[in-house]
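Visitor: I would like a close look at a single part of this model. Please take me through one strand, its partners and the turn that follows.

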Amino acid sequence: MCGRFTLTVSPEQLRASFDGLIVPDNIQPRFNVAPSQPVAVVPNDAKFQLDYYIWGLIPSWAKDASIGNRMINARAETLSEKPSFRSAFRRRRCLILADGFYEWRASPGSRAKTPMYIKMESGEPFAFAGLWESWQSPDGSNILSCTIITTQPNSLLEPIHNRMPVILPKDSYGQWLEPEEIDPKQAQELLKPYPADLMTAYPVSTLVNSPANEDPLCIAPVA
């Protein structure tokens, strides 16, 4: 799964990495993004503009928003089958912007787990493949929410966790953000493990274990 990530780069860096993306100037660096918080999203609405959606998908048919707490990730292999995701997979796809994410590596002979920070070797920001939904709450307000798609791990992630988020290559952004309904089989072909040789991972402090800790120390390497 993917339960925490970061987006620490400047608006200028985002514009440089996502050619043509409309990015507000007041973005603040995030070192420990957690579920139920707003995350930077580019939906498939043909605007190619950064917006903020709640992390944790709330299907349109949900009776209350709490279901989103269980919908932070969606398995790539079953998107076409699950009622919570199959409509969004066809019609409501998005990029979820990040520049790193965390996973917890089990330690042999111990119940303790070591938090690991994973990012691009280049340090560039990237995009998770995501799905989004619009939900009408009982008070009449509209909540936009999203989920991160996961897949099998690459060789870098395999010793750390049995799943990894789908990171889309730049040349697939256009296809993934197609505003019209697309064939699930075509979309499924994009949901592959990202090349391990373009990524790096290192252990970090247990500060990241608490969502209350929002600090550059969260991504600082430790011995």
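Guide: A good place to begin is a single pairing, in which Arg93 has Leu131 of strand 9 as its bridge partner. The model is a predicted one, in which local features need pLDDT of at least 70 and side-chain atom pairs count only at pLDDT 80 or more, while totals for chains, interfaces and linings use all residues. Residues are numbered from 1 along each chain as its sequence is written, and side-chain values use heavy atoms, with hydrogens and water left out.

The pairing of Arg93 with Leu131 belongs to a set of six bridges that join strand 6 (residues 93–98) to strand 9, the two running antiparallel. Strands here are DSSP runs of E with at least two residues, numbered from the N terminus, and two of them pair if DSSP finds at least two bridges between them. Strand 9 spans residues 126–136 and is mostly covered, since nine of its eleven residues are buried, a term that stands for under 20% relative accessible area with a 1.4 Å probe and protein chains only.

Strand 9 is also joined to strand 10 (residues 142–151) by seven bridges, again in an antiparallel arrangement, and among the residues involved is Trp132, whose bridge partner in strand 10 is Cys146. Strand 9 and strand 10 form a hairpin with five residues between the strands, where Gly140 takes a positive phi near 95°.

Technical notes: Buried means under 20% relative accessible area, exposed over 50%, partly exposed in between (1.4 Å probe, protein chains only). Helices (H or I, at least four residues) and strands (E, at least two) are DSSP runs, numbered from the N terminus.
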